[in-house]
Amino acid sequence: MNEIDMKTEPNAEANVGLKREMGLFSAINFILAIMIGSGIFVSPASVLKYSGSVGMCLTIWILCGLVSLLGALAFAELGTIVPRSGGQYAFFMDSFGPLHRFWGPLPAFLYSWTMIILIRPAEVAVIVMTFSEYLCQPIFDMICLNDAEIGDKVKKTLSLVALGIITYINVRSVKLFVKVQNIFGSFKILACLVVIIGGAYELFLGNHKNLTKGFQGTSFAPKDLALAFYSGLWAYDGWATLTTITEEVQRPEKNILRSIIISVPVVTGLYVFMNIAYMTVLSIPDIMASKAVAVSFGEKVLGPFSFIIPFGVALSTFGCALSIQFGVTRLCYVSGQDGFMLEAFSYINYKKFTPSPAVIFQGLGSFVFILSGDLVQLIEFSSFLMWVSYGASMVSLLVLRRVKQNIFKPYQVPIWIPVFILLVSIYLALAPIINYPDPMYLFAVFFTAAGIPVYYWFVYKKRVHRGVIGSLTYVLQVVCEAVPPQKLEM
């Protein structure tokens, strides 16, 4: 395989690889960026719908935050046992990989297969389309644009532009990513606080009629409570993502745990108080009928400044998409190292120290999904796969505790936590399929299963055309100025 001769570059640094650019503040912002997307602004109505009352709704939001914190604490321990980027992929490789030559690495491959090829690029596409929708909404209202066809073209074009900017940032520099992420993370928190302060002001004026209903109308049906918890935990998703970038976190043995202990309770507090604000201003029927609860809230409370809410949602979604793409490219990176994806995905730009081939690949994947149309349903139905992976991660933790019991662990959770999260994961993976069977679940399962013959042929048997792969790798090296992670001779 041809490789670029790096000795001709006088400014090349001795070590080409991922750099630890993310301190504690940036790690906290990374978690916040992924956990707080558009969900809390757009669709908190489902928890209220299934719980049936204001009191039970708030209780479920608090309990979902607690479950998320427990799961994140278990992942923090996994991050200290397996100090490698890739998150669940790395955990599966270390725990299941050595057990059997064929079946052992398969869970790690299927996880990377579904995340890299389908779920994450589609998720980024959905989020940037949401960004475009909410950025355009106040502008269209201002210029009185009512032509739906023109509006859709503008939104799709803006989505592609946003995707290009996100991909450029992640190719350009980790330092640039950190700066942009910190800025957008601050605006995101500010948008949440605008809603909370608006609700507090209404309470100060004595508008607490809706809140006084308490637990009146609560549904105790197991099916309804299950779906309420499922909806709430879906909004909290993202608590496990920091372990996908372990190799770029400064002092990960301390900062992963610290960032989780700070960020997850912050999100829980924001979500609970934002729901109190919504239910202070809007009645239960108003919330149920609203397509975007925060926008309806802004129209009633902020008056001529109501544009702040859609603008805040746009900023929130942009930062979320940026961080999700950043995380999945690190999964590409470690998968390429192990031969589960194209080897070039593990190559690093020798000037920028970013996995530029992996970033460009993810950008192209999201580009295709944006052009293909509405993907929201696919993302929602594939979320049960995430809970399968969380459950498997808890099994990984139990296995690693046994096989690596002699290694130093700076931090360890009580055994009941991974067992509890495992049981929650099993329940949440099966509950939506049992309660609302839909062909889309079959598609998600089919796509995952389709990875087995791919794994057998290309990974296990290594049946690849080396000439084609070599040429493609060389092209990516030249275009992306990328080389394998290495120590260079100077």
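This is a short dialogue on reading a few features of a predicted model.

Me: Where is Ser231 found, and is Ser231 buried or exposed?

Reply: Start with the element that holds the residue, then look at accessibility. Ser231 is found in helix α9, which covers residues 222-236. Buried means under 20% relative accessible area. Ser231 has a relative accessible area of 17%, so Ser231 is buried.

Me: Which residues is Ser231 in contact with, leaving aside its neighbours within four places in sequence?

Reply: With those neighbours set aside, Ser231 is in contact with Ser46, Val47 and Tyr50.

Me: Why does Phe443 count as partly exposed?

Reply: The class between buried and exposed runs from 20% to 50%. Phe443 counts as partly exposed because its relative accessibility is 35%. Phe443 has its place in helix α17, residues 439-460.

Me: How many residues apart in sequence are Phe443 and Gly470, and what is the distance in space?

Reply: Sequence separation and distance in space are two separate readings. Phe443 and Gly470 are 27 residues apart in sequence, and their C-alpha atoms are 33 Å apart in space.

Me: At what angle do the axes of helix α7 and helix α8 cross?

Reply: The axes of α7 (residues 148-172) and α8 (residues 174-204) cross at roughly 130° and come within 6 Å. Angles over 145 degrees count as roughly antiparallel, and 65 to 115 as roughly perpendicular. The two helices are therefore oblique to each other.

Me: Which residues meet there?

Reply: From α7, Tyr168, Ile169, Asn170 and Arg172 meet Leu176, Phe177 and Val180 of α8. By class, this contact has 5 nonpolar residues, 1 polar and 1 charged.

Key
Residues are numbered from 1 along each chain as its sequence is written. This is a predicted model: local features need pLDDT of at least 70, side-chain atom pairs count only at pLDDT 80 or more; totals for chains, interfaces and linings use all residues. Side-chain values use heavy atoms; hydrogens and water are left out. Helices (H or I, at least four residues) and strands (E, at least two) are DSSP runs, numbered from the N terminus. Buried means under 20% relative accessible area, exposed over 50%, partly exposed in between (1.4 Å probe, protein chains only). Contact means heavy atoms within 4.5 Å. Axes are lines fitted to C-alpha atoms, for helices over the stretch in contact, and angles run from 0 to 180 degrees between N-to-C directions. Angles under 35 degrees count as roughly parallel, over 145 as roughly antiparallel, 65 to 115 as roughly perpendicular and the rest as oblique. Ala, Val, Leu, Ile, Met, Phe, Trp, Tyr, Cys and Pro count as nonpolar, Asp, Glu, Lys and Arg as charged, and the others, Gly among them, as polar.
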